[in-house]
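Hi,

Here is the structure I promised to pass on. Have a look at it first, and then read my notes underneath.

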Amino acid sequence: MSMFLSFRKLPVGGGTLTDPIAWNSTNDFKLRRVDISKLTGVVAGQEILFAVHGYNNSQSEAVCTLSRFEHVLKLPPNIVFVGILWPGDSKAGFISYPVEKPTASDVGRYLAKFCNRKLARAASISFVSHSLGARVVLETIRGLERETRSACLLAAAIERTCLEKEYADSFSKTDSVHVLASREDEVLRFAFLAGNLFGHALDPTAVPLSSALGYAGPRKPIGKTLPPWSIADNEKYDHGDYLPPSDISAQFPNNAGSWNNPASFVKRALNGERQTWPAPTAVK
């Protein structure tokens, strides 16, 4: 069973709720609504890990993949996993990307306001995101009235300069930021550039022709964000390899699953440990 906060109005596509609904998932990935007060009571005095999915995940897909990711993480009792559901998808499919970019920013602002109002008693807040979820995370951190403990950005569909330019303020409020990038990510290699450029018209950013952070990594070490962050090309990490499968029929658990290494990366970040994967390489 996993806990979720949802900003979705509909299971597929649809608009954005400004105040989230709390859900618990069942073992077969169904959702049962719970009172917000139950969630706020559970996290009081605890450390929160918000997990944010990326672009083009329906509600059912996001619930499946994030519930499985919590299972793989095997977090200690003092860390409460809360999945964030947001409408970064559309019945129109992938062509909606330019519209989903401002949607991600809106959800980040709404989540920050919710945390400031309802979760002030939490001991700390950390994040892990996949793909466009990075924009939700960095926008949330910007709006929080507190420091953030850590943020892990996996395959981030956001400009590689974001920690120095667009979200320099969020970066400065976070104790540690951890990045995983792969140049074998076909989505970020090709689709991100066009989608980010068109999205720039609706939600201007600092360097719209930049490569994605989750493809090229930061341009240089910045603050406490240090390499290694680039997964070796021969490991063949594509965009969908960082999290467990969203298809309920897919084999899970699976000790050979590509998501196990990213999960270990996130756990080391939460523990403040040195990263042992990916292998150290020269910054490209």
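Below is what turned up, starting with the helices and ending with the backbone oddities.

One thing to keep in mind: this is a predicted model.

Let's begin with helix α2, which covers residues 59-73. With 15 residues at 1.5 Å a residue, α2 should span 21 Å, and its end C-alpha atoms are indeed 21 Å apart, so expectation and model agree. Is α2 enclosed by the rest of the structure or not, and how many of its residues are buried? The count is 11 of the 15, so α2 is largely enclosed by the rest of the structure. The buried set includes A62, V63, L66, F69, V72 and L73, but also Q59, T65, S67 and R68. C64 is in there too, with a relative accessible area of 2%, which is why it counts as buried (the cut-off is under 20%).

Just after α2 comes K74, with a positive phi of about 50°. K74 is not a glycine, and it sits in the loop between α2 and β5. Its relative accessibility is 57%, so K74 counts as exposed, the cut-off being over 50%.

Next is helix α8, residues 260-271. Its 12 residues should span 16 Å at 1.5 Å a residue, and the end C-alpha atoms are 17 Å apart, which agrees. Buried here are P262, A263, F265, V266, R268, A269 and L270. What do those buried residues pack against? Their partners are α2 along with the strands β4 (47-52), β5 (79-85), β6 (124-130), β7 (148-154) and β8 (174-182). Directly behind α8 is G272, with a positive phi near 70°.

The helix pair I'd look at is α3 (residues 97-118) and α4 (residues 133-143). Their axes are 7 Å apart and the packing angle is about 40°. That angle falls outside the roughly parallel class, which needs under 35 degrees, and also below the 65 to 115 range for roughly perpendicular, so α3 and α4 are oblique to each other. The crossing of α3 past α4 is right-handed. On the α3 side the contact is made by K101, A104, S105, V107, G108, R109, L111, A112 and N116. On the α4 side, R135, V136, E139, T140 and G143 meet them.

Now the cysteines. How many disulfides does a search of the whole structure find? The answer is 0. C152 is in no disulfide, for instance, and the nearest cysteine sulfur, that of C162, is 14 Å away. A disulfide would need the two sulfur atoms within 2.5 Å, which is why this pair does not count. C152 counts as buried, at 2% relative accessibility.

Finally, the backbone. There is a cis peptide bond between F252 and P253, with omega about -5°. P253 belongs to the loop between β9 (230-231) and α8. The bond from W277 to P278 is cis as well, with omega near 0°, and P278 lies in the segment after α8.

A155 also has a positive phi of about 50° without being a glycine. Its place is the loop between β7 and α5 (168-172). Is A155 buried or exposed? Its relative accessibility is 0%, so A155 counts as buried, whereas K74 counts as exposed.

Cheers

How values were computed:
Residues are numbered from 1 along each chain as its sequence is written. This is a predicted model: local features need pLDDT of at least 70, side-chain atom pairs count only at pLDDT 80 or more; totals for chains, interfaces and linings use all residues. Side-chain values use heavy atoms; hydrogens and water are left out. Buried means under 20% relative accessible area, exposed over 50%, partly exposed in between (1.4 Å probe, protein chains only). Helices (H or I, at least four residues) and strands (E, at least two) are DSSP runs, numbered from the N terminus. The expected span of a helix is 1.5 Å times one less than its number of residues. Contact means heavy atoms within 4.5 Å. Axes are lines fitted to C-alpha atoms, for helices over the stretch in contact, and angles run from 0 to 180 degrees between N-to-C directions. Angles under 35 degrees count as roughly parallel, over 145 as roughly antiparallel, 65 to 115 as roughly perpendicular and the rest as oblique. A crossing is left-handed if the near helix is turned anticlockwise from the far one by less than a right angle, and right-handed if clockwise.
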